[in-house]
Amino acid sequence: MKKSLLIYFLIPFFFSCAQNKNKAGDENSAAAKFKKEVIDLASNYVTGKFKGPVKTVTNDGIITIAENQNSYIINPSKIYTGFIDYDNIEDAIISIDYYHGQYLVLTEHLILINSENKLTLNRSIESDMKRLSIKDRVITAEVYTRSRNGPLANCSVCKEVVKYQFRQGELIRIEP
């Protein structure tokens, strides 16, 4: 009798644990699906820049699309998500690096606006922005004030934190 009572108690417990795991899995799969869509759109954007691109993917998901000595690197860890425009649908920014040989030439930041559950490329910004974040419809970035090729390229005082806001289809710099 005690064993059957224990079994009746444990069965609902296992079902509740399984249901919570499925809910967490659904949230993770939605986020993974969104990131995959961002990566696919960035890959298509980069592939269109070459005549005969060669695409390679590493085990950790980093994509390299190259032709001759020119290559773009798409790193999934450089996807930043949040609300950019004024709807309540999550948007994204992905940073992709352009190399000529072994030298980083520029970084492009693709601003992807999600409208009606479809991502579209709004614009590409070529800038040495780092540490991007999206919070409360404000994009915060660290920008270098000196050229990448100059002698003071990576000095700590040669950086500035800037904030941008998306208004009427344009990215506008706002003052803090």
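Let's start with a charged pair: Arg123 and Glu170 meet side chain to side chain in a salt bridge, with N and O 3.6 Å apart. Since Arg123 sits in strand E6 (residues 118-126) and Glu170 in strand E10 (residues 170-174), this contact ties together parts that are 47 residues apart in sequence. Keep in mind that the model is a predicted one.

How exposed are the two partners? Arg123 comes out as partly exposed, at a relative accessible area of 24%. Glu170 is partly exposed too, with 42%.

**The other salt bridges**

How many salt bridges does the model have? The count comes to five, and Arg123 with Glu170 is one such pair. Side chains of opposite charge can pair when their charged atoms come close.

Strand E10 turns up again in the pair of Glu160 and Arg173, whose side chains form a salt bridge at 2.8 Å, N to O. Here Glu160 belongs to strand E9 (residues 159-167) and Arg173 to strand E10, with 13 residues separating them along the chain. Glu160 is partly exposed, its relative accessible area being 33%. Arg173 also counts as partly exposed, with 40%.

Then there's Glu108 with Lys49, a salt bridge in which the closest N and O atoms lie 3.3 Å apart. This one links distant parts of the chain, 59 residues apart: Glu108 is in strand E5 (residues 103-115), while Lys49 is in the loop between helix H1 (2-47) and strand E1 (54-57).

Is Glu108 buried or exposed? It has a relative accessibility of just 1%, so Glu108 counts as buried; the cut-off for that is under 20%. Lys49, on the other hand, is partly exposed at 38%.

Here are the three pairs side by side:

| Salt bridge | N to O distance |
|---|---|
| Arg123 and Glu170 | 3.6 Å |
| Glu160 and Arg173 | 2.8 Å |
| Glu108 and Lys49 | 3.3 Å |

**The E1 and E2 hairpin**

The loop that holds Lys49 runs from helix H1 to strand E1, and strand E1 has a pairing of its own to look at. Which way do E1 and strand E2 (residues 63-67) run relative to each other, parallel or antiparallel? They pair in the antiparallel sense, over four bridges. For a spot to click on, take Thr56: its bridge partner in E2 is Thr64.

Together E1 and E2 make a hairpin, with five residues between the strands. If you're checking backbone torsions, look at Gly61 in the turn, where phi is positive at about 95°.

Terms used:
Residues are numbered from 1 along each chain as its sequence is written. This is a predicted model: local features need pLDDT of at least 70, side-chain atom pairs count only at pLDDT 80 or more; totals for chains, interfaces and linings use all residues. Side-chain values use heavy atoms; hydrogens and water are left out. A salt bridge is a side-chain nitrogen of Lys or Arg within 4 Å of a carboxyl oxygen of Asp or Glu. Helices (H or I, at least four residues) and strands (E, at least two) are DSSP runs, numbered from the N terminus. Buried means under 20% relative accessible area, exposed over 50%, partly exposed in between (1.4 Å probe, protein chains only). Two strands pair if DSSP finds at least two bridges between them.
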